[in-house]
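Hi everyone, thanks for making time for this. I'd like to walk you through one structure, starting with the whole chain and ending on a single strand.

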Amino acid sequence: PSRSEITYFGAGPALLPTEVLEKAAQALLDYNGTGLGIAEHSHRSELATNIINEAKSDLATYLDFSAQDYETIFLQGGGTGEFAASVYNLVGAWVARQHAALLKANPGADEATVVAELRKKVESDLKLDYIVTGGWSLKAYQEAVRLLGPEYVNLVADARTVNDGKFGRIPDQSTWKLSKNAALVYYCDNETVDGVEFPEFPSVLTPAADGTGPIVVADMSSNILSRRIPVSNYSLLFFGAQKNLGSTGVTVAILKKTFLPPTTAQPSAALMRKLGLPIPPIVLQYEIIAKNNSLYNTLSIFDVYVAGQVLKRLLQTFPDKVDGQQALAVKKAGLIYGALDAYPEVYKVVPDKSVRSRMNICFRVTKNGAVDEAEKTFLKESTAIGLTGLKGHRSVGGIRASNYNSIPLEGAEKLAKFIHDFAKA
Ligand code: PLP
């Protein structure tokens, strides 16, 4: 089939807008009449720096956050790399804060005493909080345990305990066991595999009026750019590009600048070693990457370019920026869930209604008492009419329609119609 005959609902890498790909294809051959393709130009060139700076600025404009207060950095290593980077960098920041407080309280204390005190503090107080609501936050939690040891990692809530051992709900926030002064509180805003999305910013994590509050880290890999987010409530947001932003190969972190010098400097490797804590590989150290405007080492400028083009297109399409895209995302998801809900005897949406993802719509299909057979037929017939990529994640099975930004309204309408037709047939 040709590209124009297909609506691809795969979970990622996701469909990219055809106009962006056409422009990128030309740029790969010759970028702006330079005779060199975008992937051949030096990442140290002015042209590359301009591409980075424009993408940063367009991202801040589209999401409506302050580039003065937040630094955007481009990294490699995907969302998975950020599971580790968030641990390393925010443990470093926690140690830096404790260190500064100790020096302030004990001016003139010798280094050995300060280190001994710090070590005590680490043993008694260092905690990283994780809210586990699906497969991806579970992986992040496990990575923190692997890198630091279980004694430092606190499982704030495990969604499986309130849903018969399976993901599909978010435990009531009043039951969350948050630590005091945690180095970070981590959650995944949209669980790609399980179809669970936080309906809004978790209110128990809201900062106080003076801006103090928990150090919130969120993985927004699969719903970034699809709704307004209160960026100022977060210390760190990250997302791989390959769902709503661009092509696979670049990862974005939006970091509160108070976690960077001059406010916070990462502790020395020597100090961290004395405390028995890990230091990050340099490619995951935000301070270094930020200082070099994401060019500490070779960055795929092509991927940043594609992301930048997607952002430009979003800004052109939606005069009210992310709010416009949000309205469309809600409408598209409403069409698909509406069709599924119309036939409860055939379709069962996997997650609870209160946490249904607008981006990854997970459901089971049953006909004549048979699930596997019905889902096979559903996939076969949908593929035949150009609705592809609907197979659920291998770990959970079922059907998953990934309704990312690049799925046009007509694509969602076509899928909703198919859902109706299949149920009635
Ligand atoms: N977080 C979420 C929510 C994801 O959906 C994914 C991948 O699908 C990841 C993290 C991991 O990203 P990567 O494969 O880029 O490491």
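I'll go from the overall picture, to the two domains, to one strand and its neighbours.

Please keep in mind that this is a predicted model. Let's begin with the overall picture. The protein has 425 residues, and its secondary structure consists of 11 helices and 14 strands. If you lay it along its principal axes, the C-alpha atoms fill a box of roughly 80 × 60 × 35 Å. Does a compact globule or something else describe it, you may wonder, so here is the comparison: for 425 residues a compact globule would have a radius of gyration near 22 Å, and the protein has 23 Å, which agrees.

What about the inside? Buried residues account for 43% of the chain. As for contacts, take those with a separation of 6 or more: 72% of them join residues that are 24 or more positions apart.

Now to the domains. The assignment gives us two. Domain 1 comes in two pieces, 3–16 and 319–424, while domain 2 runs through 49–306. Their C-alpha centres are 31 Å apart. Where they touch, 29 residues of domain 1 are in contact with 27 residues of domain 2.

Which elements of domain 1 give two or more residues to that side? They are α9, residues 322–341, and β12, residues 360–365. Of these, α9 gives the most, with five residues. By residue type, the side of domain 1 that touches domain 2 has 14 nonpolar, nine polar and six charged residues.

Let me finish with a strand I'd like you to find on the screen: β5, residues 184–188. Five of its five residues are buried. Look at how the side chains alternate: Leu-184, Tyr-186 and Cys-188 point one way, and Val-185 and Tyr-187 point the other way. Both sets are buried.

And who are the partners of β5? One is β3, residues 128–132, which pairs with β5 in the parallel sense over three bridges. There you can see Leu-128 standing opposite Leu-184. Another is β8, residues 216–219, also parallel to β5, this time over four bridges. In that pairing, Cys-188 has Asp-219 of β8 as its bridge partner.

So, to recap: two domains with their centres 31 Å apart, and a strand, β5, with five of five residues buried that pairs with β3 and with β8. Thanks for listening, and I'm happy to go back to any of the views.

Note on methods. Residues are numbered from 1 along each chain as its sequence is written. This is a predicted model: local features need pLDDT of at least 70, side-chain atom pairs count only at pLDDT 80 or more; totals for chains, interfaces and linings use all residues. The radius of gyration is taken over C-alpha atoms; the globule rule is 2.2 Å times the number of residues to the power 0.38. A residue is buried if 20 or more other C-beta atoms lie within 10 Å of its own, exposed if 12 or fewer, and partly exposed in between; C-beta atoms are placed from the backbone. Two residues are in contact if their C-beta atoms, placed from the backbone, lie within 7 Å. Domain bounds come from an automatic or database domain assignment. Ala, Val, Leu, Ile, Met, Phe, Trp, Tyr, Cys and Pro count as nonpolar, Asp, Glu, Lys and Arg as charged, and the others, Gly among them, as polar. Two strands pair if DSSP finds at least two bridges between them.
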